[in-house]
Amino acid sequence: MKEQIGLIQTRGIGDIIIALPIADYFIEQGHDVHWPIDERFVNFFRDAKPQVNFIPIAQDAGAANWVQRFFLDDPMMLLHALNCTRIIPLYAELKNTSVVNTALADALKFDEYKYAAAGVPFSRKWNLRIRRNAARELALHERLCIKGEYMCVHTTGSDRSVAMTISPAWRKKYQIIEVRELTDNPFDWIYTLEHAAKLVLLDSCFSNLVEQLNIQVSKSLILRSNILNTPVMMNGWEFLCFPKAGR
């Protein structure tokens, strides 16, 4: 029987990417999936996954109790209004612990938790299917003026930056391409990432894309979190540690 299913993971981009195959799992069973997310992300996620009803959520940081409203209360209200028969919060951590399965959260990494909470096999994480925009990807690639072998480096995320010195050997061998916000769509970087000779990426939405699309290039992950908050990475990464940079 067809259900209206609601997923709650308002942000960040990397967390939503990690959980996207959960939506596919339910869509394949014939259900509709509704997903309230940060209004800044709606356009590019709608383009990448049109099968999901992404609903914009505004963040009013000046309002009372805005964190609770943004991450849980407003999404829950919208999903109830859509008559969702199953609403699944995907947070392993939240101040309102009534929607967190603490037994699972204490035992699993945060990405494992999302799949366990939804009742979806964790192996589905590596079956990420998105609609790509070849024209946008190639336009960004051409904008970078790449000549020969190159490596992509990403050291500054939405809430973390690391101090990394690129070795003279790497600079001699590769053109260094800094992964940064050059367009309004992070998916525009996919072609450039998959054609690089080497990737050095902060644990972020870009590393999640590379991992879940099973992109097979030489790659290193810059660690930023404790064990529970570092996603499971099984696609041949080298792991690097750098000090946190001042911002």
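**View 1. Q4 and its partner across two parallel strands.** In this predicted model, residue Q4 stands opposite D32, which belongs to strand β2. The two strands shown here, β1 (residues 4–8) and β2 (residues 32–38), run parallel and are joined by three bridges.

**View 2. The open sheet of four strands.** Widening the view from β1 and β2, one finds an open sheet made of four strands, which follow one another in the order β3-β2-β1-β4 with parallel pairing. The edges of the sheet are formed by β3 (53–57) and β4 (86–89), each of which pairs on one side only. When direction is ignored, neighbouring strands of this sheet are turned against each other by 20° on average.

**View 3. Helix α1 against the sheet.** Helix α1 lies across the strands β1, β2, β3 and β4, and it runs at about 160° to β2. Helix α1 spans residues 13–28, and it also supplies at least two residues of the lining of the largest pocket.

**View 4. N208 in helix α9.** Is N208 buried or exposed? This residue, which is found in helix α9, has a relative accessibility of 3%, and because buried means under 20%, N208 counts as buried. Once its neighbours within four places in sequence are left aside, N208 is in contact with G14, I17, I18 and P231.

**View 5. The largest pocket.** The largest pocket has a volume of about 1,500 Å³, and its lining is made up of 48 residues, among which G12, I13, D15, S158 and D159 lie nearest the centre. Which helices each supply at least two residues of this lining? They include α1, already seen lying across the sheet, together with α3 (66–81), α5 (110–118) and α9 (205–212), the last of these being the helix in which N208 is found. Sorted by class, the lining of the largest pocket has 17 nonpolar, 17 polar and 14 charged residues.

**View 6. The second largest pocket.** The second largest pocket holds about 170 Å³ of space and is lined by 14 residues, of which A92, E93, A105, D106 and L228 lie nearest its centre. Helix α4 (residues 102–107) provides the largest share of this lining, with three residues. By class, the lining of the second largest pocket has seven nonpolar, four polar and three charged residues.

Conventions
Residues are numbered from 1 along each chain as its sequence is written. This is a predicted model: local features need pLDDT of at least 70, side-chain atom pairs count only at pLDDT 80 or more; totals for chains, interfaces and linings use all residues. Side-chain values use heavy atoms; hydrogens and water are left out. On a 1 Å grid over the protein atoms alone, a cavity is a set of points where a 1.4 Å probe fits but cannot get out, and a pocket is an open set with protein on both sides within 12 Å along at least five of seven lines; lining residues have an atom within 4 Å of a point. Grid points are joined across faces, edges and corners, and a volume is the space filled by probe spheres set on the points. Ala, Val, Leu, Ile, Met, Phe, Trp, Tyr, Cys and Pro count as nonpolar, Asp, Glu, Lys and Arg as charged, and the others, Gly among them, as polar. Two strands pair if DSSP finds at least two bridges between them. Axes are lines fitted to C-alpha atoms, for helices over the stretch in contact, and angles run from 0 to 180 degrees between N-to-C directions. Contact means heavy atoms within 4.5 Å. Buried means under 20% relative accessible area, exposed over 50%, partly exposed in between (1.4 Å probe, protein chains only).
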